Amino acid sequence: MALATFAAGCFWGVEDVFRKVPGVVEVVSGYTGGHVPAPTYERVCQGDTGHAEAVLVTYDPTKVRYEDLLEVFWRHHDPTTPNRQGPDVGTQYRSAVFCHGPEQLRLAQASKAAMAPRFSRPIVTEVQPASTFWPAEEYHQRYVERTGRGACHVANW
């Protein structure tokens, strides 16, 4: 199994999108990219932890490639809006790829460059090494699946 970490706005919808990808084994909503240990949802929402709402994707690389996961990432959010996705505003809703190793970093940077012509504005997505991932509280896990509520993500193409 391999890991991938993506931030693309509210983690509820991001988690739901990745759960539907064949070859994905597990998706956990959580927080990463910040400087506060063991952050809580309330603390992250204050906007001073540096953390992004993100998902940790466990996938089988014999069934789905990292490049395919990047395609899903680009397709289901607006990577041109800094610190915002739909109605959600704040640094915790930024677009970011947190890479697990140099090969993912290379692939994510190449994918970002390849996607640039598809958007009318510059991509603001951060591409950086993965740091500690803190799982969100249980009530955030599988939120769309459990509640039947939709999420505010878009399909770009």
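This report covers aromatic pairs, a strand-helix-strand unit and salt bridges in a predicted model.

## Aromatic pairs

A pair of aromatic rings is described by the distance of the centres and the angle of the planes. The structure holds 6 aromatic pairs. One of them joins Trp12 and Tyr143. Their ring centres lie 3.6 Å apart, and the planes meet at 15°. This pair counts as stacked because the angle is under 30 degrees.

The Trp12–Tyr143 pair links distant parts of the chain. Trp12 sits in helix H1 (residues 11–19), while Tyr143 belongs to helix H5 (residues 143–147). The two residues are 131 residues apart. Trp12 is partly exposed, at 24% relative accessible area. Tyr143 is buried, at 10%.

Phe73 and Trp74 make another aromatic pair, this one edge-to-face. Here the centres are 4.9 Å apart and the planes differ by 65°. That angle is over 60 degrees, so the pair is called edge-to-face. Phe73 is buried, with 2% relative accessibility. Trp74 is buried too, with 0%.

## An aromatic cluster

Which residues form one aromatic cluster with Phe73 and Trp74? They are Phe6, Phe18 and Tyr66.

## Strands and a helix

Strand S6 (residues 95–99) pairs with strand S7 (residues 126–129). The pairing is parallel and has 4 bridges. Within it, Phe98 stands opposite Gln128 in S7.

Helix H4 (residues 102–115) joins S6 and S7 in a β-α-β unit. The unit is right-handed.

## Salt bridges

The structure has 11 salt bridges. Among them is the one between Arg106 and Glu103, whose closest N and O atoms are 2.7 Å apart. Both residues lie in helix H4. They are 3 residues apart, which means a separation of about one helical turn. Arg106 is partly exposed, at 46% relative accessibility. Glu103 is also partly exposed, at 44%.

Salt bridges with shared partners join Glu15, Arg19 and Glu26 into one network. Within this group, Arg19 bonds to Glu15 through a salt bridge, with closest N and O atoms 3.0 Å apart. These two residues are in helix H1, 4 residues apart, so about one helical turn separates them. Glu15 is buried, at 1% relative accessibility.

Arg65 and Asp68 form another salt bridge. Their closest N and O atoms are 3.1 Å apart. Are these two residues buried or partly exposed? Arg65 is partly exposed, at 46% relative accessible area. Asp68 is partly exposed as well, at 31%.

How values were computed:
Residues numbered from 1 in each chain as written. Predicted model: local features only at pLDDT ≥ 70, side-chain atom pairs only at ≥ 80, totals over all residues. Heavy atoms only, no water. Phe/Tyr/Trp six-rings, centres within 6.5 Å; stacked < 30°, edge-to-face > 60°. Buried < 20%, exposed > 50% of the residue type's maximum accessible area, 1.4 Å probe, protein only. Pairing = 2+ DSSP bridges. Right-handed = clockwise from strand over helix to strand, strands pointing away. Salt bridge = Lys/Arg side-chain N within 4 Å of Asp/Glu carboxyl O.
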